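Open the model in your viewer and keep the sequence panel visible. Each stop below says what to select and what is there.

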Amino acid sequence: MQRFVLPFVLGLLTLISAGRSFAADNTPPDGFQALFNGKDLTGWKGLVADPKKRAAMTPEQLATEQAKADDLMRAHWKAEAGVLVFDGKGQNLCSAKDFGDFELYVDWKIQQGGDSGLYLRGTPQIQIWDTEWEPYFKLGAEKGSGAMWNNQKNPRFPDAKADKKAGEWNTFFIRMVGENVTVKLNGQTVVNEVTLENYWERDKPIYPKGSIELQNHGNPLYFKNIYVRELTK
C-alpha cells in the first residue's frame, strides 16, 4: 500500500496549490458564493455600453438598453454541462451584481488562437489568451495570461507565464482591494499588488464598485467554477 501514498499526496498538493476545491464543479468553497450556478444564466446580464456612458443614461434609457443587451446575451451565452459557453458572437457577459473589494476564483478555457479576459469593476482587464499563438506575440502574449493589458503607468505584463495549453482548463485566483490587484494563475502568482488603471476615464482612479465581466474577442470561450467572496474593511 505504501507505494500508492506518495502519488496520492503529490496529487493532493497539486490540487491545493492550484486553488482547486474537492467539491463538484460550480460548488463554492466555504466563504464564497457561486456566480454561475452551472445550470443557466441566473445572476448575469448583458453588456450595456461602458460605465461612463451608463452613468449618463436616464433610468428609462438604461432599462431599454439592458433589455436589448439581455436578449443578445441569451442568444450567444449558454450553460452547457456545467460550463458557461460563448459561441464567439455578441458581447461580454456581466455579473448582475456590482462588487467592490473581493476575491475571485474562475476556471477558463480557450481554443487555439483564443483571446479573452476579465473586467474587474467593469474595467478592462485581466488578459486571457493563447500564449503560443505567434500572431499575438507582437502584443505580448508570450509573456503569459494575467496581464493588466490596458495599464499605461503601472506594470502591464505578468511576472511569469503559468498558462496551460489552449484547450486545457486554467484557474485564476484574483484578489482586488482598492486599486490593487493580485493574480494567481494555476497556483502561481503572476501579478502582485499592481494598480489597475481606469481605462474609461484615465484621469480618475478605478471605480469603487462595478461588475465582473467575461470578455469576448470574437472566439468561443468556456468558463466554470466562478466563485466570489466580498471583502469588508
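Two strands pair if DSSP finds at least two bridges between them. Helices (H or I, at least four residues) and strands (E, at least two) are DSSP runs, numbered from the N terminus. The model is predicted, so local features need pLDDT of at least 70 and side-chain atom pairs count only at pLDDT 80 or more, while totals for chains, interfaces and linings use all residues. Residues are numbered from 1 along each chain as its sequence is written, and side-chain values use heavy atoms, with hydrogens and water left out.

**Confidence**

Colour the chain by pLDDT, the predictor's confidence in each residue, from 0 to 100. The average for the protein chain is 91, and 90% of the residues score at least 70. Now select residues 1–18, where the pLDDT is below 50. Beyond near neighbours in sequence, this stretch has eight contacts in the model (contact means heavy atoms within 4.5 Å).

**Strand S12 and its partners**

Select strand S12, residues 213–216. Glu213 and Gln215 point one way from S12, Leu214 and Asn216 point the other way, and all are buried. Buried means under 20% relative accessible area, exposed over 50%, and partly exposed in between (1.4 Å probe, protein chains only).

Add strand S5, residues 93–95, which pairs with S12 in the antiparallel sense over two bridges. Which residue in S12 is the bridge partner of Cys94? The partner is Glu213. Then add strand S7, residues 115–120, which is also antiparallel to S12, over four bridges. Here Leu118 stands opposite Leu214.

Stay in S5 and pick Leu93. Leu93 has 0% relative accessibility and therefore counts as buried. Outside its neighbours within four places in sequence, its contacts include Trp44, Met73, Glu213 and Leu214. Draw a C-alpha to C-alpha distance from Leu93 to Ala69: the two are 24 residues apart in sequence and 9.6 Å apart in space.

**The nonpolar core**

A nonpolar core is a set of buried Ala, Val, Leu, Ile, Met, Phe, Trp, Tyr and Cys residues joined through side-chain atoms within 4.5 Å. The largest one has 39 residues, and Phe172, Phe223 and Ile226 have the most contacts inside it. Several strands each supply at least two residues of this core, among them S4 (83–86), S10 (180–185) and S13 (221–230). The largest share, five residues, comes from S6. Select Ile226: leaving aside neighbours within four places in sequence, it touches residues including Trp44, Leu104, Tyr105 and Leu214.

**Aromatic rings**

Rings of Phe, Tyr and Trp (its six-membered ring) pair if their centres lie within 6.5 Å; planes under 30 degrees apart count as stacked, over 60 as edge-to-face and the rest as tilted. By this rule there are nine aromatic pairs. Show Trp108 and Phe172, whose ring centres are 5.5 Å apart with planes at 50°, so the pair is tilted. Trp108 is in strand S6 (residues 102–110) and Phe172 in strand S9 (residues 170–177), 64 residues apart. Is Phe172 buried or exposed? At 0% relative accessibility, Phe172 is buried.

Next show Trp129 and Trp149, with centres 6.5 Å apart and planes at 80°, so this pair is edge-to-face. Trp129 is buried at 3%, whereas Trp149 is partly exposed at 22%.

**Charges over rings**

A charge sits over a ring if NZ of Lys or CZ of Arg is within 6 Å of the ring centre and within 35 degrees of the ring normal. Select Lys224, whose charged end sits over the ring of Trp169, 4.5 Å from its centre. Finish at Lys109, over the face of Tyr222 at 5.2 Å from the ring centre.
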